[in-house]
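Grab a pencil and work through these exercises with the model open beside you. Try each task before you read its solution.

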Amino acid sequence: MKIMIAGKNKKISRKETKNLIKFYLHLLMKKSEYKKINITVTFSKINNDFLGYLQSEDGKNFYIHIDNNMSKKKQMRIIAHELVHVKQYIRDELESYSQITDENYWDHPAEIEAFGRSVGMYAKYVGTHVP
């Protein structure tokens, strides 16, 4: 697995971002599932309503975009949220994701899981990585 960090972020270092991703992936998947993927996290100003989003065209290379104007806590939770979607993608759990609309976004099972798990993942990370 390769983890690459792009863009600037004054709140989370590149090293901490990589450690955070490894920690989260360990919570979400078996090593055999994530060892063959590549993740690039890009921190920048996002000019839309999203705080972060995930892209992948091949199921091996994943691109996570995070708005770097948020607090450190929020960025760490959004990374967790997007990594839940990586897990869903790898396990083929996103079959109806293309049917998401503004009206059903909050009720879609993939988003319910991502929002719910990201809270717990962040809490576990903070609880085990006390400065």
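A crossing of two helices is called left-handed if the near helix is turned anticlockwise from the far one by less than a right angle, and right-handed if it is turned clockwise. Keep that in mind for the helix exercises, and remember that this is a predicted model.

**Exercise 1. Describe how α3 and α4 pack, and find the residues that make the contact.**

Step 1. Two packed helices are described by the angle between their axes and the distance between the axes. For α3 and α4, the angle is about 130° and the axes are 8 Å apart.

Step 2. Now put a word to that angle. Angles over 145 degrees count as roughly antiparallel and 65 to 115 as roughly perpendicular, and α3 and α4 are therefore oblique to each other.

Step 3. Check the hand: α3 passes α4 in a right-handed crossing.

Step 4. Look for the residues that touch. On the α3 side you'll find K73, M76, R77, A80, H81, V84, H85, K87 and Q88, and they meet A110, E111, E113, A114, F115, R117, S118, V119, M121, Y122 and Y125 of α4.

**Exercise 2. Do the same for α1 with α3, and then for α1 with α4.**

Step 1. Start with α1 and α3. Their axes are 10 Å apart, at an angle of about 45°, so this pair is oblique.

Step 2. The crossing of α1 past α3 is right-handed.

Step 3. List the contacts. From α1 come E16, T17, L20, I21, Y24, L25 and L28, and from α3 come K72, M76, I79, A80, L83, V84 and K87.

Step 4. Move on to α1 and α4. Here the angle is about 120° and the axes are 10 Å apart, so α1 and α4 are oblique to each other too.

Step 5. This crossing is right-handed as well. E16, N19, L20, F23, Y24, L27 and L28 of α1 meet R117, M121, Y122, K124, Y125 and T128 of α4.

**Exercise 3. Which elements build the largest nonpolar core, and which gives the largest share?**

Step 1. Begin with a rule of thumb: in soluble globular proteins, nonpolar side chains tend to be buried together.

Step 2. Here, the largest nonpolar core has 30 residues. Those with the most contacts inside this core are I21, Y24, I39, V41, I66, I79 and L83.

Step 3. Sort by element. Two or more core residues come from each of β1 (2–7), α1 (14–28), β2 (38–44), β4 (61–67), α3 (72–90) and α4 (109–128). The largest share, seven residues, belongs to α3.

Step 4. Zoom in on one of the core residues, V41. Leaving out residues up to four places away in sequence, V41 touches M4, I5, A6, I21, I64 and I66.

**Exercise 4. Is D67 buried or exposed, and what does its side chain reach?**

Step 1. Find D67 in strand β4.

Step 2. Buried means under 20% relative accessible area. D67 has 6%, so D67 counts as buried.

Step 3. Follow the side chain of D67. One polar contact goes to the side chain of K45, at 3.5 Å. The D67 side chain also reaches the backbone nitrogen of N69 at 2.9 Å.

Step 4. Add the wider neighbours: not counting residues up to four places away in sequence, D67 touches S44, K45, I46, L51 and Q75.

**Exercise 5. Work out what surrounds S56.**

Step 1. S56 sits in the loop between β3 (52–55) and β4.

Step 2. Look at the polar side-chain atoms of S56. One lies 3.1 Å from the backbone nitrogen of G59, and the backbone oxygen of N61 lies 2.9 Å from a polar atom of this side chain.

Step 3. Apart from residues up to four places away in sequence, S56 touches N61, F62 and Y89.

**Exercise 6. Classify D92 and V119 by accessibility.**

Step 1. D92 is in the loop between α3 and α4. At 61% relative accessibility, where over 50% is the cut-off, D92 is exposed.

Step 2. Check the backbone of D92 too: phi is positive, about 55°, although D92 is not a glycine.

Step 3. V119 belongs to helix α4. With 40% relative accessibility, V119 counts as partly exposed.

Key: Residues numbered from 1 in each chain as written. Predicted model: local features only at pLDDT ≥ 70, side-chain atom pairs only at ≥ 80, totals over all residues. Heavy atoms only, no water. Core = buried A, V, L, I, M, F, W, Y, C linked by side-chain atoms within 4.5 Å. Buried < 20%, exposed > 50% of the residue type's maximum accessible area, 1.4 Å probe, protein only. Helix = DSSP H or I, 4+ residues; strand = E, 2+ residues; numbered from the N terminus. Contact = heavy atoms within 4.5 Å. Polar contact = N/O pair within 3.5 Å; in protein donor to acceptor, adjacent residues only side chain to side chain. Axes fitted to C-alpha atoms, helices over the stretch in contact; angles between N-to-C directions. Parallel < 35°, antiparallel > 145°, perpendicular 65-115°, else oblique.
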